[in-house]
Amino acid sequence: MKTLSQKSFISSVDITNYITDSGNKLSDARAINLLGVTESSNNFSANGWSYEDAKKYLFNIGGKLVEAGFYSHFADDKADRLIKQVIELPTSFSCPMKCAYCASSLINDISPLDVDVMITITQFILDANDIDNDRAVLIALTGTGDAYYTLGMICEYLSRASQVYKNFSYTISSCNWTHDMLMTVEKLQRQYRIRNVQSTFISNNENVVASIIPGFRYMKLQPLAFIDIVKGSMFVNWRINYLMMDSINDGDDHFIEFIKMVKPINDKVIIRISSLNETFASRSNGLKPSNLQRSEVFKRMLNHEGINAYIFHSVENNNMSCGQLVLEKNSLTTMPCRRAL
Ligand code: SF4
């Protein structure tokens, strides 16, 4: 097994001129500066690959900080069989969901990214990694932000990106899919290559979810509506990201209840059993990762019922796997931690 390697450098580079399809330069208010790149390699348990080279790009956009990732996934730790390459894009500065485990929950200055900026970042990462327009790239719209708030921009991004980049496929994610959003996704999948539509799952218990995802206090929890819509949907690549947390959802009873819920849609869904990345926020809010043995038990139970499932776990928690973790690592998220209720 390879050991974790990580390096980081800070050098301010103005990439404002990288505007692409419209040919317009970005305004000063949206001027983009690359502040640094952090690189890391790590072994994973994942679906069809087990080794990752990761780069996290930290940008200052009109005075606000945001990060985007570029990942190369390999079949094994010799890093000699490339499975896929992924650009993970944020859709907002910080995120109104305020999940109690998420590094971005400590950043209070929240606003959506605009599509010019997202396209600019995309082109910059492609150029920085010598990826031409013919190479297959997965655009994971799973960075900071949630489609519940940003689906309109995601639609616009797909529309514009697909005109320029013919070999992109896309993953879209939310922890609160509504009927209207799912109808939009149905339309998108007729026009674009949608690899996965992901829904984050914590619990069926409304109070538990609302205590961990404050955004839910202002919405209606709809896990069964999600299941009903998937049941009636033509789209078959749904993914449920089951975020395993100690004592929250890692008991046998939790597993049995979840299996009962998803069994009717087992032909259209894959379950990703994810380890929680520990952050300042998760630690302050008393949320702990479950252990890997519980993930293995859960995977066996799901498979036994004919439900496709895999464990998603990085051997080292290297602050590269999601959202604003590089920001946090560089002590750029300095807001005081909030307690989950
Ligand atoms: S985990 Fe995702 S949805 Fe939750 S606050 Fe972070 S970016 Fe938003």
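1. A residue counts as near the ligand if its C-beta atom, placed from the backbone, lies within 6 Å of it. In this predicted model, 12 residues surround the ligand, and C95, M97, C99, C102 and D146 come nearest. By class, the shell divides into 5 nonpolar, 5 polar and 2 charged residues.

2. On confidence, the mean pLDDT of the protein is 83, with 81% of its residues at 70 or more. Residues 1-11 have a pLDDT below 50, and the model gives this stretch 23 contacts beyond near neighbours in sequence. For residues 332-341 the pLDDT also stays under 50. That stretch has 22 contacts beyond four places in sequence. Any reading of these two sets of contacts should be set beside the pLDDT values just quoted.

3. The protein contains 9 helices and 13 strands. Of its 341 residues, 43% count as buried. Taking contacts between residues at least 6 apart in sequence, 72% join residues at least 24 apart.

4. The largest nonpolar core has 80 residues. Those with the most contacts inside this core are F59, I87, M118, I139, I213 and I271. Helix 1 (residues 115-128) supplies the largest share of the core, 7 residues. For I87, setting aside neighbours within four places in sequence, the contacts are A68, F70, T122, I125, V137 and I139.

5. Strands 2, 3 and 4 can be taken together. Strand 2 (residues 32-45) pairs with strand 3 in the antiparallel sense over 11 bridges, and S40 stands opposite A54 in strand 3. The two strands form a hairpin with 5 residues between them. In that turn, G48 has a positive phi of about 90°.

6. On its other pairing, strand 3 runs antiparallel to strand 4 (residues 64-74), and 11 bridges join the two. One bridge pairs K56 with G69 in strand 4. This hairpin has 2 residues between its strands, and G62 in the turn has a positive phi of about 55°.

7. How far is strand 3 enclosed by the rest of the structure? Of the 11 residues of strand 3 (residues 51-61), 8 are buried, so the strand is largely enclosed. The cut-off behind this count is 20 or more other C-beta atoms within 10 Å.

8. Strand 12 (residues 269-275) is mostly covered, with 6 of its 7 residues buried. Its pairing with strand 11 (residues 238-244) is parallel and spans 7 bridges. Across that pairing, R239 stands opposite I270 in strand 12.

9. Y148 lies in helix 2 (residues 147-164). With 19 other C-beta atoms within 10 Å, Y148 is partly exposed, because burial requires 20 or more. Outside its neighbours within four places in sequence, Y148 is in contact with S174, N176 and M181. Y148 and S173 are 25 residues apart in sequence, and their C-alpha atoms are 8.6 Å apart in space.

10. L106 sits in the loop between strand 6 (92-93) and strand 7 (111-112). Is L106 buried or exposed? L106 counts as buried, because it has 21 C-beta neighbours inside 10 Å and the cut-off is 20 or more. The C-alpha atoms of L106 and C95 are separated by 9.5 Å, the two residues being 11 apart along the chain. C95 is itself among the residues that come nearest to the ligand.

11. Two residues that are not glycine merit a backbone check. D130 has a positive phi near 55° and is found in the loop between helix 1 and strand 8 (137-141). With 7 C-beta neighbours inside 10 Å, D130 counts as exposed. S247 has a positive phi of about 70°, and its place is in the loop between strand 11 and helix 6 (252-262). S247 is exposed, with 11 other C-beta atoms within 10 Å. Both fall in the exposed class because its limit is 12 or fewer such atoms.

Key
Residues numbered from 1 in each chain as written. Predicted model: local features only at pLDDT ≥ 70, side-chain atom pairs only at ≥ 80, totals over all residues. Nonpolar A, V, L, I, M, F, W, Y, C, P; charged D, E, K, R; others polar. pLDDT = per-residue confidence, 0-100. Contact = placed C-beta atoms within 7 Å. Helix = DSSP H or I, 4+ residues; strand = E, 2+ residues; numbered from the N terminus. Pairing = 2+ DSSP bridges. Core = buried A, V, L, I, M, F, W, Y, C linked by C-beta atoms within 7 Å.
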